[in-house]
Amino acid sequence: MTQATKAKGAGHACSSFSRRNFLILGGASVTVLATYGVGAEAQELVSSSYVRKVVGRVSDLEQGVATSFYYPNDDIENVLVMLDEEAGGGVGEGRNIVAFNTICPHQGGYMGAADFKRPHSVLGPCPLHLSTFDLTKHGMLVSGHAVESLPQIVLEIDGDEIVATGVMGLFYGYSQNPTGA
């Protein structure tokens, strides 16, 4: 093998390595942007096709007590709760008011307001396979068989009113979320 061939081969290996790193970094960047979006713009995309609906009042909430409401239509039950701590996607002065769908994304088990456990800020366990979800971390699975988080209802505060404006995640049993429009 000549010196020129060796140099050409070495350059190719170095070029492939750099391209590989570039592709990995590019893919990771796209994933991060797709996952987290860019703040208000990402929330607007989640909320843009949904009807806005008043689902409660801040003054009526009792800290640590979950209440039921229906959104985006009259068939889909959700829970609204003022947690004892700040939560992902939380609104209000303490960023601790959140809302989640009550149907387990694993196999559709029902978890109502009575299944909220205040000491740990979790909803569950699901009666089918014991999945439990952390309401401080966007409804992320804590334990059980589910592989997805609970769909989180996007909220806004307008004076004393709590307004639902969208949904992050897919409701169990739907191929596309109803928008209520």
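Select phenylalanine 171 to begin the tour of this predicted model. With a relative accessibility of 2%, phenylalanine 171 counts as buried, because the cut-off for a buried residue is under 20%.

Next, add tyrosine 174 to the selection. Tyrosine 174 is partly exposed, and its relative accessible area is 32%. The chain holds 2 aromatic pairs. In the pair formed by phenylalanine 171 and tyrosine 174, the ring centres are 6.2 Å apart and the planes meet at 65°, so the arrangement is edge-to-face; the reason is that planes over 60 degrees apart are classed in this way.

Now display the whole chain as a cartoon. The chain contains 2 helices and 10 strands. Followed from the N terminus, the order is α-α-β-β-β-β-β-β-β-β-β-β. Of the 181 residues in the chain, 35% are buried. The exposed surface of the chain is about 10,600 Å², and carbon and sulfur atoms supply 56% of it. Among contacts between residues at least 6 apart in sequence, 46% join residues at least 24 apart.

The interior comes next. Select Phe69, Tyr71, Leu80, Ile97, Ile153, Leu155 and Ile162: within the largest nonpolar core, which has 17 residues, these touch the most other members. Colour the strands β3 (77–82), β4 (97–101), β9 (152–158) and β10 (161–168), for these elements each give two or more residues to this core. Strand β10 provides the largest share, 3 residues. A second, separate core has 16 residues, including Val98, Phe116, Leu123 and Leu150.

Return to tyrosine 71 and show its surroundings. Residues up to four places away in sequence set aside, tyrosine 71 touches Tyr50, Val51, Lys53, Ile76, Asn78, Ile153, Ala164, Thr165, Gly166, Val167 and Phe171. The starting residue of the tour, Phe171, is thus among the contacts of tyrosine 71.

The last stop is asparagine 101, which is found in strand β4. Is asparagine 101 buried or exposed? Its relative accessibility is 2%, so asparagine 101 counts as buried. Display its side chain and look for two partners. The side chain of asparagine 101 makes a polar contact of 3.2 Å with the side chain of asparagine 78. A polar atom of the asparagine 101 side chain also lies 3.1 Å from the backbone nitrogen of isoleucine 103. Beyond its neighbours within four places in sequence, asparagine 101 is in contact with Ile76, Glu77, Asn78, Leu123, Leu150, Pro151 and Phe171. Phe171, where the tour began, therefore appears here too, among the contacts of the buried asparagine 101.

Notes: Residues numbered from 1 in each chain as written. Predicted model: local features only at pLDDT ≥ 70, side-chain atom pairs only at ≥ 80, totals over all residues. Heavy atoms only, no water. Phe/Tyr/Trp six-rings, centres within 6.5 Å; stacked < 30°, edge-to-face > 60°. Buried < 20%, exposed > 50% of the residue type's maximum accessible area, 1.4 Å probe, protein only. Helix = DSSP H or I, 4+ residues; strand = E, 2+ residues; numbered from the N terminus. Contact = heavy atoms within 4.5 Å. Areas by Shrake-Rupley, 256 points an atom, 1.4 Å probe, with all protein chains shown as cover. Core = buried A, V, L, I, M, F, W, Y, C linked by side-chain atoms within 4.5 Å. Polar contact = N/O pair within 3.5 Å; in protein donor to acceptor, adjacent residues only side chain to side chain.
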